[in-house]
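Student: Please pick one part of this model and go through it closely, residue by residue where that helps. I would like the cut-off given with each term.

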Amino acid sequence: GIDLAQESVVQGTVVRDGSPVGGAYVRLLDTRGEFTAEVPTTPAGQFRFFARPGTWTVRTHAPGATVDRPVVAERGEVVELLVAV
């Protein structure tokens, strides 16, 4: 149970050629590009961050690729990303 009234959630799936990428690393960077958090993707390529409301960059590191995606997190909402590497 995630209480969306109190949380901002940024989550998604990392894929390559339509298949999930497990073991990639996904970082959450603040507006200055400073490191805030990092998680590995699950075998299904999934990741999740609980973030304060605001503008973020989600940086994905997978073998042979680095992808940055800007996101805006708002309290009570789930930002869902599909990151192709």
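Tutor: Start at the hairpin, where Leu29 has Phe35 of strand 4 as its bridge partner. The model is predicted, so local features need pLDDT of at least 70 and side-chain atom pairs count only at pLDDT 80 or more, whereas totals for chains, interfaces and linings use all residues. Residues are numbered from 1 along each chain as its sequence is written, and side-chain values use heavy atoms, with hydrogens and water left out.

Strands here are DSSP runs (E, at least two residues), numbered from the N terminus, as are helices (H or I, at least four). Two strands are paired if DSSP finds at least two bridges between them. Strand 3 (residues 25-29) and strand 4 are antiparallel and share five bridges. They form a hairpin with five residues between them, and Gly33 in that turn has a positive phi of about 80°.

The hairpin belongs to an open sheet of four strands in the order 4-3-6-7, with antiparallel pairing. Its edges are strand 4 (35-40) and strand 7 (65-73), each of which pairs on one side only. On average, neighbouring strands of this sheet are turned by 20° against each other, direction ignored; the axes behind such angles are lines fitted to C-alpha atoms (for helices over the stretch in contact), and angles run from 0 to 180 degrees between N-to-C directions. On the other side of the order, strand 6 (residues 54-62) and strand 7 run antiparallel and are joined by nine bridges. Within that pair, Thr55 is bridged to Val72 of strand 7.

Back in the hairpin, consider Val26, which is part of strand 3. Val26 has 0% relative accessibility and therefore counts as buried (buried is under 20% relative accessible area, exposed is over 50%, and partly exposed lies in between, with a 1.4 Å probe and protein chains only). Val26 and Glu38 are 12 residues apart along the chain, and their C-alpha atoms are separated by 5.5 Å. Contact means heavy atoms within 4.5 Å. Leaving aside neighbours within four places in sequence, Val26 is in contact with residues that include Ala37, Glu38 and Val39, as well as Val14, Thr41, Phe47, Phe49, Val58 and Thr60.

Three of those contacts deserve a further step. Thr60 sits in strand 6 and is buried, with a relative accessible area of 0%. Among the contacts of Thr60, apart from neighbours within four places in sequence, are Val14, Tyr25, Val26, Val83 and Val85.

Thr41 lies in the loop between strand 4 and strand 5 (46-50). Although Thr41 is in a loop, its 6% relative accessibility makes it buried. Its side chain reaches the backbone oxygen of Val21 at 2.7 Å; a polar contact is a pair of N or O atoms within 3.5 Å, where within protein one must be able to donate a hydrogen and the other to accept it, and residues adjacent in sequence count only if both atoms are side-chain atoms. Beyond four places in sequence, Thr41 also has contacts that include Gly22, Gly23, Ala24, Val26 and Phe47.

Phe47 is the third. Phe47 and Phe49 are both buried. The whole structure holds one aromatic pair. Its members are Phe47 and Phe49: the ring centres are 6.1 Å apart and the planes are at 55°, so the pair is tilted. For this term, rings of Phe, Tyr and Trp (its six-membered ring) pair if their centres lie within 6.5 Å, with planes under 30 degrees apart called stacked, over 60 edge-to-face and the rest tilted. Not counting residues up to four places away in sequence, Phe47 touches several residues, including Val10, Val14, Val26, Val39, Thr41, Val58 and Leu81.

That leads to the core. A nonpolar core is a set of buried Ala, Val, Leu, Ile, Met, Phe, Trp, Tyr and Cys residues joined through side-chain atoms within 4.5 Å. The largest one has 18 residues, and Val10, Val14, Phe47, Val58, Val71 and Leu81 have the most contacts inside it. Strand 1, strand 3, strand 5, strand 6, strand 7 and strand 8 (78-84) each give two or more residues to this core. In soluble globular proteins, nonpolar side chains tend to be buried together.
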